[in-house]
Amino acid sequence: MKKLFCIVALLLLGAGGFSVASAVPRPEVARYIKAYSGQEGITVWTLRIGAVDKSEALVQITGIDHPWDMRIRKLKVEPSQHGNNYVATVDGKRFVVLAMEGESGQLYLPGSGEAQSKLIYSKTVSEQGNPEHLLTEYLKQDN
């Protein structure tokens, strides 16, 4: 009986029938992604993650010559005087990555010293995004 149990367990593990990762619940995400287009092909994707009151978002920036290109980061969303700031901790300090005001904003990247791009909301690009795919990619990357 003990041998049979071991054989079944090994078959399930080998076939991918069970994994520790699948036992961990996926975080809640918003139903829709918001995408913003910038100059020279820059795109910024934002997606709320967790409960609304946690004020966190996944943010992916694409089309930039920077180490953050294609990486998905979890940022804090903080209200500002005119909209929302998406804030990271860089080298132990608070760093505003996105300063959004309505449907537009500015993108800042560590090491650049100035705004990288003016951003404008794009309904067309937003509709191409899939919240569950972005979450899956975030969970798969080594953070």
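## Exercises on a predicted model

T62 lies in strand β3, where strands (E, at least two residues) and helices (H or I, at least four) are DSSP runs numbered from the N terminus. The structure is a predicted model, in which local features need pLDDT of at least 70 and side-chain atom pairs count only at pLDDT 80 or more, while totals for chains, interfaces and linings use all residues. Residues are numbered from 1 along each chain as its sequence is written, and side-chain values use heavy atoms, with hydrogens and water left out.

### Exercise 1. The surroundings of T62

Determine whether T62 is buried or exposed, and list the residues that it touches.

Solution. Step 1: apply the cut-offs, which are under 20% relative accessible area for buried, over 50% for exposed, and partly exposed in between (1.4 Å probe, protein chains only). Step 2: T62 has a relative accessible area of 14% and is therefore buried. Step 3: look for contacts, that is, heavy atoms within 4.5 Å. Not counting residues up to four places away in sequence, T62 touches G41, I42, T43, W45, D69 and M70.

### Exercise 2. The chain as a whole

State the order of the secondary structure elements and the share of residues that are buried.

Solution. Step 1: the chain has four helices and eight strands. Step 2: read from the N terminus, the order is α-α-β-β-β-β-β-β-β-β-α-α. Step 3: 34% of the 143 residues count as buried. Step 4: among contacts with a separation of 6 or more, 34% join residues 24 or more positions apart.

### Exercise 3. The nonpolar cores

Identify the residues that touch the most other members of the largest nonpolar core, and the elements that give two or more residues to this core.

Solution. Step 1: a nonpolar core is a set of buried Ala, Val, Leu, Ile, Met, Phe, Trp, Tyr and Cys residues joined through side-chain atoms within 4.5 Å. Step 2: the largest core has 19 residues, and V44, I61, L98 and L107 touch the most other members. Step 3: the elements giving two or more residues to this core are β3 (56-62), β4 (72-79), β5 (84-90) and β6 (93-101). Step 4: a second, separate core holds 13 residues, including A30, I33, W45 and L47. Step 5: take L107 as an example; beyond its neighbours within four places in sequence, L107 is in contact with I42, V44, I61, V97, L98, A115, Q116, S117 and L119. In soluble globular proteins, nonpolar side chains tend to be buried together.

### Exercise 4. The buried side of helix α4

Explain why the buried residues of α4 are on the same side of the helix.

Solution. Step 1: in helix α4 (residues 131-140), the buried residues are P131, L134, L135 and Y138. Step 2: these residues lie on the same side of α4 because they cover an arc of only 100 degrees around the axis, the arc being that of the directions from the helix axis to the C-beta atoms. Step 3: the buried residues of α4 pack against β2, β3 and β4. Step 4: the face turned away from the buried side carries the exposed residues H133 and K140. Step 5: Q141 lies in the segment after α4. Q141 is buried, with a relative accessible area of 15%, and, leaving aside neighbours within four places in sequence, is in contact with R71 and I72.

### Exercise 5. Residues apart in sequence

Find the C-alpha to C-alpha distances from E28 to I49 and from Q128 to A35.

Solution. Step 1: E28 is found in the loop between α2 (20-23) and β1, and is partly exposed, with a relative accessible area of 45%. Step 2: E28 and I49 are 21 residues apart in sequence, and their C-alpha atoms are 5.8 Å apart in space. Step 3: leaving aside neighbours within four places in sequence, E28 is in contact with R48, I49, G50 and A51. Step 4: Q128 is found in helix α3 (residues 123-128) and is exposed, with a relative accessible area of 57%. Step 5: Q128 and A35 are 93 residues apart in sequence and 9.0 Å apart in space, C-alpha to C-alpha.
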